[in-house]
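This report describes the fold of one protein chain, going from its overall make-up to its sheets, helix packing and cores. Please read it alongside the sequence and the coordinates.

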Amino acid sequence: MKIKRPHRWRKIPAAERVQKCYKWVGVLTTAAFLSVGILGTVSSFVSPKQSACWETATRSTALFSCSDVWLTRRFPLHDGMVQAVTSSVTAMGSDRVGDVYVTEDRLFEYPQTLDKENLTVSARAIQSFYETYQIPTYVIAVPSAGEFYADDLLDGLSFPSQLSAIEYFYDSMSTAIRKIDVYHVLFTSTSDYIYNRTDPRWSCYGAYCVYHSAIRKMGFAPVAYDQYAITHASAFRGCLYEKSMYQQAAEDILDIYICENGYELTEMIAYTGDGQEQKREMFSMDYDLETDPYAFYLGGSCEKLMLRTNSNTSRKLLLFRDSYADCMVPFLLQHYSEICLIDVTCMQTPLTTLVDVEDYDQVLFLCDADTYNQSNWFVPLAKEG
């Protein structure tokens with residue numbers, strides 16, 4: 001009589017299962033690189049755009065950051081290969097594929113470890129900037145989505161929280177600089193659509209929740225939610241989907257929030273690194289949304305972006321930002337006649353050449369916590385000070 005043996009896999013602890021999954025992922029990934037490496041030498045597969053993406057990808061240590069660029073969508077087996085690896089990993093009970101965590105209905109990114117030394121340098125740069133100009137200054141560090149959805153992961157799978165590092169970053173600046181804690185604002189809305197399901201950034205509604213709290217601390221009454229007409233402009237799948245090809249995560253939505261009785265945008269000018277001016281429109285589908293869906297809001301990254309409204313107030317805001325600010329800017333427009341956006345991730349021109357800082361009434365730093373960890377992006381502010 002044949003005796004049915006118990007399934008050994010189910011007896012293995014979750015943490016050990018994850019390690020075994022990584023071993024198989026490594027084998028499959030190595031095989032993928034070897035098979036595609038020969039094809040990758042063919043010059044026709046490498047376009048200028050791909051080369052730029054490769055340069056960006058090499059700055060990340062994520063498992064699939066480089067391979068996802070190398071195996072471009074132009075390569076017909078790319079999607080199937082990535083999807084096969086993801087299916088294998090999830091079938092073995094793991095929640096992590098490279099630097100992407102997989103839950104029942106969403107994907108989120110394995111967070112970057114925040115280095116206190118880097119955060120200190122960034123904080124001191126902001127402090128130096130404030131001491132130089134003495135303009136009311138506010139700072140927002142946005143936590144990663146995993147801070148709110150890590151409970152959906154398998155038991156035993158650790159998730160490195162960034163909260164203590166964010167608190168350390170805030171404490172490294174003087175009390176004269178107003179630090180706006182958005183964690184608790186977002187935590188109370190985790191059942192709502194506050195972060196994208198396939199992209200690491202927050203959604204338009206998540207940005208509204210933070211705006212509603214932050215603008216009070218900046219001295220304004222927020223525009224009520226029911227004052228906005230909301231339109232679903234387009235659906236998209238973000239970079240976390242591209243890395244994992246996980247099919248169960250639903251598409252994300254690009255929303256348009258229009259304050260029906262509010263101020264209107266009258267001028268939007270982008271200043272590129274070569275000094276050229278470019279007129280833009282907010283909420284435009286003319287940009288390459290497949291590369292960056294958030295280009296829909298402001299037209300993608302540029303060194304400086306100037307926005308003016310028909311507001312009857314003379315108040316002006318200087319906003320140092322990364323892409324997290326893109327979908328929050330439409331809310332801020334209701335309180336200022338002018339907003340000057342400086343993208344710290346691509347600023348190369350000296351600040352005093354870009355803008356007359358003393359012309360502004362308030363300064364807001366609005367970035368993802370990972371951005372503050374790149375202290376080299378903030379050091380120029382201290383040098384100017």
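The sections below take up the chain as a whole, then its parts.

**Basis and overall make-up**

The model is predicted: local features need pLDDT of at least 70, side-chain atom pairs count only at pLDDT 80 or more, and totals for chains, interfaces and linings use all residues. Residues are numbered from 1 along each chain as its sequence is written, and side-chain values use heavy atoms, with hydrogens and water left out.

The chain holds 16 helices and 13 strands. Both are DSSP runs numbered from the N terminus, helices being H or I with at least four residues and strands being E with at least two. Of the 385 residues, 51% count as buried. Buried means under 20% relative accessible area, exposed means over 50%, and partly exposed lies in between, using a 1.4 Å probe and protein chains only. A contact is a pair of heavy atoms within 4.5 Å. Among contacts between residues at least 6 apart in sequence, 72% join residues at least 24 apart.

**The eight-stranded sheet**

Eight strands form an open sheet with mixed pairing, in the order E5-E4-E13-E11-E12-E10-E8-E9. Two strands are taken as paired if DSSP finds at least two bridges between them. Strand E5 (178-179) and strand E9 (277-279) are the edges, and each pairs on one side only.

Strand E4 (residues 137-142) runs parallel to strand E13 (residues 362-368), with six bridges between them. E4 is also joined to E5 by two bridges, again in the parallel sense. E13 has a parallel link to E11 as well, through five bridges. Some of the residue pairs in this part of the sheet are set out here.

| Residue | Bridge partner or opposite residue | Strand of the second residue |
|---|---|---|
| Thr-137 | Val-363 | E13 |
| Val-139 | Phe-365 | E13 |
| Ala-141 | Cys-367 | E13 |
| Leu-318 | Val-363 | E13 |
| Tyr-138 | Arg-178 | E5 |

In a regular strand the side chains alternate between the two faces of the sheet. On E4, Thr-137, Val-139 and Ala-141 lie on one side and Tyr-138, Ile-140 and Val-142 on the other, and all are buried. E4 is thus mostly covered, with six of its six residues buried.

Why is E13 described as largely enclosed by the rest of the structure? Seven of the seven residues of E13 are buried, so the description follows from that count. Gln-362, Leu-364, Leu-366 and Asp-368 point one way from E13, while Val-363, Phe-365 and Cys-367 point the other way.

A loop residue gives an exposed case. Asn-312 sits in the loop between strand E10 (304-309) and strand E11 (316-321). Asn-312 has a relative accessible area of 69%, so it counts as exposed. Its C-alpha is 7.2 Å from that of Ser-337, although Asn-312 and Ser-337 are 25 residues apart in sequence.

**The three-stranded sheet**

A further open sheet has three strands in the order E1-E2-E3, with antiparallel pairing. Its edges are strand E1 (96-97) and strand E3 (107-109), each pairing on one side only. Strand E2 (residues 100-102) is joined to E3 by three bridges, and Tyr-101 stands opposite Phe-108 in E3.

**Helix packing**

Helix H8 (residues 163-171) lies across E4 and E5 and runs at about 170 degrees to E4. Axes are lines fitted to C-alpha atoms, for helices over the stretch in contact, and angles run from 0 to 180 degrees between N-to-C directions.

H8 also packs against helix H6 (residues 116-133), at an angle of about 35 degrees and with the axes 9 Å apart. From H6, the residues in contact are Lys-116, Leu-119, Thr-120, Ser-122, Ala-123 and Ile-126, and they meet Ala-165, Tyr-168 and Phe-169 in H8. By class, this contact has six nonpolar, two polar and one charged residues. Here Ala, Val, Leu, Ile, Met, Phe, Trp, Tyr, Cys and Pro count as nonpolar, Asp, Glu, Lys and Arg as charged, and the others, Gly among them, as polar.

**Nonpolar cores**

A nonpolar core is a set of buried Ala, Val, Leu, Ile, Met, Phe, Trp, Tyr and Cys residues joined through side-chain atoms within 4.5 Å. Which members of the largest core touch the most other members? They are Tyr-195 and Trp-202, in a core of 62 residues. Helix H10 (residues 204-217) gives the most to this core, with seven residues. Apart from this core lies another, of 38 residues, among them Ile-166, Ile-177, Met-306 and Tyr-372.

Leaving out residues up to four places away in sequence, the contacts of Trp-202 include Val-142, Tyr-195, Tyr-294 and Leu-366.
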